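Dear colleague,

Here is the structure that I promised to pass on, with my notes below it. Please read them with the model open beside you.

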Amino acid sequence: MKPFSNYTLCTEYLFKLERAGIKYDLNNITALLNYLDNPQDKFRSVHIAGTNGKGSVSSMLNSILIESGYKCALYTSPHIKDFTERMRVNGKTIPKHTVIEITNRLLPLIQKIKPSFFEVTTAMAFEYFKKQK
């Protein structure tokens, strides 16, 4: 497959990965993160889990940290209008060219291991956040 140069085609490809379904192991995400040199280890983070309220708690904590002077990243789903809303640094969405760049970087591995949409977008978020320090 040729690398993407068009954002719409790139995100259409990513959304088709949703068909890969739910994975009940960490093999794919581990492979993706290893391929990117484990970007999740390059910044401090807060992981918010649970059944309800994750988005609200994440958004509130994000606002508090930004107002306190921290550079802060936020990874949420789903998006409302555009895929870039899922990854933000200090409230600014990931640039479309960065979505294309990271997808193209991961493309050989995506084709090899067939990860899910969530696995790829999580790896993308970690890589973007690492680059944004």
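In which helix is the place of Glu119? Glu119 has its place in helix α5, and I should say at once that this, like everything below, is read from a predicted model. Although Glu119 carries an acidic side chain by name, what the model shows is that Glu119 is buried, because its relative accessible area is 6%, under the 20% limit. A polar atom of the Glu119 side chain lies 2.7 Å from the backbone nitrogen of Ser116. Leaving aside neighbours within four places in sequence, Glu119 is in contact with Lys23, Asp25, Asn28, Ile29 and Leu32.

Leu32 comes up again when one looks at Leu106, which is found in helix α4 and is buried with a relative accessible area of 0%. With neighbours within four places in sequence left aside, Leu106 is in contact with Leu32, Tyr35, Leu36 and Val120. The C-alpha atoms of Leu106 and Leu74, by contrast, are separated by 21 Å, and these two residues are 32 apart along the chain.

The nonpolar core comes next. In soluble globular proteins, nonpolar side chains tend to be buried together. Here the largest nonpolar core has 28 residues, and the members that touch the most other members are Leu14, Phe83, Met87, Val99 and Met124. Two or more residues of this core come from each of α1, α2 (27-35), β2 (87-89), α4 (96-113) and α5. If residues up to four places away in sequence are not counted, Leu14 touches Phe83, Val99, Thr103, Phe117, Val120 and Met124.

Phe83 and Val99 are also the residues that Thr11 touches, again not counting residues up to four places away in sequence. Thr11 has its place in helix α1 (residues 7-16), and Thr11 is buried, with a relative accessible area of 8%. The side chain of Thr11 reaches the backbone oxygen of Thr8 at 3.1 Å.

Turning to the aromatic rings, the structure holds eight aromatic pairs. One of them is formed by Phe4 and Tyr13, and this pair is tilted, with 5.3 Å centre to centre and 45° between the planes. Both Phe4 and Tyr13 are buried. In another pair, that of Tyr75 and Phe118, the ring centres are 6.5 Å apart and the planes stand at 25°, so the pair is stacked, since planes under 30 degrees apart count as such. This second pair links distant parts of the chain, as Tyr75 is in strand β1 (residues 73-75) and Phe118 is in helix α5 (residues 117-132), 43 residues apart. Tyr75 counts as partly exposed at 24% relative accessibility, whereas Phe118 is exposed, with a relative accessible area of 53%. There is also one aromatic cluster formed by Phe43, Phe126, Tyr128 and Phe129.

As for cysteines, you may wish to note that the structure holds zero disulfides. Cys10 is buried, with a relative accessible area of 0%, and Cys72 is buried too, with a relative accessible area of 10%.

Some points concern the backbone. Helix α3 (residues 54-67) has 14 residues and reaches 20 Å from its first C-alpha to its last, which is close to the 20 Å expected at 1.5 Å a residue. Just after α3, Gly69 takes a positive phi of about 95°.

Most residues other than glycine have a negative phi, and most peptide bonds are trans. Against that background, Asn38 has a positive phi of about 50° although it is not a glycine; Asn38 has its place in the loop between α2 and α3 and is partly exposed, with a relative accessible area of 21%. Asn90, likewise a residue other than glycine, has a positive phi near 50°. Asn90 lies in the loop between β2 and β3 (92-93) and counts as partly exposed at 36% relative accessibility. Finally, the peptide bond from Ser77 to Pro78 is cis, with omega near 0°, and Pro78 is found in the loop between β1 and β2.

With best regards

Key. Residues numbered from 1 in each chain as written. Predicted model: local features only at pLDDT ≥ 70, side-chain atom pairs only at ≥ 80, totals over all residues. Heavy atoms only, no water. Phe/Tyr/Trp six-rings, centres within 6.5 Å; stacked < 30°, edge-to-face > 60°. Buried < 20%, exposed > 50% of the residue type's maximum accessible area, 1.4 Å probe, protein only. Helix = DSSP H or I, 4+ residues; strand = E, 2+ residues; numbered from the N terminus. Polar contact = N/O pair within 3.5 Å; in protein donor to acceptor, adjacent residues only side chain to side chain. Contact = heavy atoms within 4.5 Å. Core = buried A, V, L, I, M, F, W, Y, C linked by side-chain atoms within 4.5 Å. Disulfide = S-S within 2.5 Å. Expected span 1.5 Å × (residues − 1).
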